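Grab your favourite viewer and work through the exercises below. Try each task yourself before reading the solution under it.

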Amino acid sequence: MAGLVVSGTQVSYVGQDCREIPEQLGRDCGHFAKRLDLSFNLLRSLEGLSAFRSLEELILDNNLLGDDLLLPRLPRLHTLTLNKNQITDLEYLLDHLAKVTPALEYLSLLGNMACPNELVSLEKDEEDYKRYRCFVLHKLPNLKFLDAQKVTRQEREEAMVRGAFMKVVKPKVSWGKVAIFTMEETQRVTGSSEMTSFEAQQYMPQLIL
């Protein structure tokens, strides 16, 4: 199969401009793959991923996945990266992941409108990103890393107390606008300056900016 790279239980099918997961990929590799890299394709759907029931790591960076993203139940999956896709509805995604990926410990959503930082808008600041992290950890309390940053004890404690009041609202008008609201700020869009504390050297190796 052209473009396929296999090394032990690691399977890569990168940069092949595929719009869906090839059936042959599932037939040939689904029964043994523990790590699957499908980055730099044109995926809008994950139909066919159900053939990969033993996955522990799934890399889906730089695709066209949106808010209709559906994963099969992957009970062993501990790492999921969805950097640079078209996800705007954070709450829907997190609720879905809570159901189908119970072992998830590492999640990265950089470069999506649902993740408010300088990769998607210079109007977002550090406070926007902190609120986002608090909400994600409220929904997925077992995460150990979020967007290549280790989850701290302080973040985890804050998520338990305040996480339910933090929420990323899906933009209704255009792709270029997304807002974070808290219980006290439901009438005001937060964020006005460029984030400075989220440094590029903290990104994980597989993150491609």
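**Exercise 1. Decide whether Q86 is buried, partly exposed or exposed, and find where it sits.**

Solution. Start with the number: Q86 has a relative accessibility of 33%. Buried would need under 20% and exposed over 50%, so Q86 counts as partly exposed. Keep in mind that you're looking at a predicted model. Next, the place: Q86 belongs to the loop between β5 (79-81) and α2. Finally, check what comes by from elsewhere in the chain: L64 is 22 residues away from Q86 in sequence, yet their C-alpha atoms are 5.8 Å apart.

**Exercise 2. Work out the overall layout: how many helices and strands are there, and in what order do they run?**

Solution. Count first: the protein has 4 helices and 10 strands. Then walk along from the N terminus, and you read β-β-α-β-β-β-α-β-α-β-β-α-β-β. For burial, take the 209 residues of the protein: 48% of them count as buried. For the contacts, look at those with a separation of 6 or more; 53% of these join residues 24 or more positions apart.

**Exercise 3. Describe how α2 packs on α3.**

Solution. Set up the geometry. Helix α2 covers residues 90-100 and helix α3 covers residues 126-139. Their axes lie 9 Å apart and make an angle of about 30°. Angles under 35 degrees count as roughly parallel, so α2 is roughly parallel to α3. As for handedness, the crossing of α2 past α3 is right-handed.

Now list who does the touching. From α2 you have L90, E91, L94, D95 and A98, and from α3 you have Y132, F135, V136 and K139. Sort these residues by type and you get 6 nonpolar, no polar and 3 charged.

**Exercise 4. Do the same for α3 and α4: what is the angle, and which residues meet?**

Solution. Helix α4 takes in residues 153-162. The axes of α3 and α4 are 8 Å apart, at an angle of about 75°. Anything from 65 to 115 degrees is classed as roughly perpendicular, so that label fits α3 and α4. On the α3 side, R133, C134, L137 and H138 take part; on the α4 side, their partners are E155, E158, A159 and R162. By type, this contact divides into 3 nonpolar, 1 polar and 4 charged residues.

**Exercise 5. Find out how many disulfides the model has, and whether C115 and C134 are buried or exposed.**

Solution. The test is a pair of cysteine sulfur atoms within 2.5 Å. Apply it and the count comes to 0 disulfides. Then turn to accessibility. C115 has a relative accessibility of 0%, so it is buried. C134 has a relative accessible area of 4%, so C134 is buried too.

**Exercise 6. Look at the backbone of D17 and A148: what sign does phi have at each?**

Solution. Begin with the background: most residues other than glycine have a negative phi. D17 is not a glycine, yet its phi is positive, about 55°. A148 isn't a glycine either, and has a positive phi of about 70°.

Now place them. D17 is in the loop between β2 (10-13) and α1 (23-29), while A148 is in the loop between β7 (145-146) and β8 (149-150). To finish, compare the burial classes. D17 has a relative accessible area of 53%, so it's exposed. A148 comes in at 13%, so A148 counts as buried.

**Exercise 7. Take two loop residues, S39 and P72, and find which residues each one touches.**

Solution. S39 first. This residue lies in the loop between β3 (35-37) and β4 (57-59), and its relative accessible area of 5% makes it buried. Leaving out residues up to four places away in sequence, S39 touches Y13, V14, G15, I59, L60, D61, N62 and N63. For N63, the separation is 24 residues in sequence and 6.5 Å in space, C-alpha to C-alpha.

Next, P72, in the loop between β4 and β5. At a relative accessible area of 15%, P72 is buried. With the same sequence neighbours left out (up to four places away), P72 touches L49, S50, R53 and V100. R53 is 19 residues from P72 along the chain, and their C-alpha atoms are 8.3 Å apart.

Definitions and conventions:
Residues are numbered from 1 along each chain as its sequence is written. This is a predicted model: local features need pLDDT of at least 70, side-chain atom pairs count only at pLDDT 80 or more; totals for chains, interfaces and linings use all residues. Side-chain values use heavy atoms; hydrogens and water are left out. Buried means under 20% relative accessible area, exposed over 50%, partly exposed in between (1.4 Å probe, protein chains only). Axes are lines fitted to C-alpha atoms, for helices over the stretch in contact, and angles run from 0 to 180 degrees between N-to-C directions. Helices (H or I, at least four residues) and strands (E, at least two) are DSSP runs, numbered from the N terminus. Angles under 35 degrees count as roughly parallel, over 145 as roughly antiparallel, 65 to 115 as roughly perpendicular and the rest as oblique. A crossing is left-handed if the near helix is turned anticlockwise from the far one by less than a right angle, and right-handed if clockwise. Contact means heavy atoms within 4.5 Å. Ala, Val, Leu, Ile, Met, Phe, Trp, Tyr, Cys and Pro count as nonpolar, Asp, Glu, Lys and Arg as charged, and the others, Gly among them, as polar.
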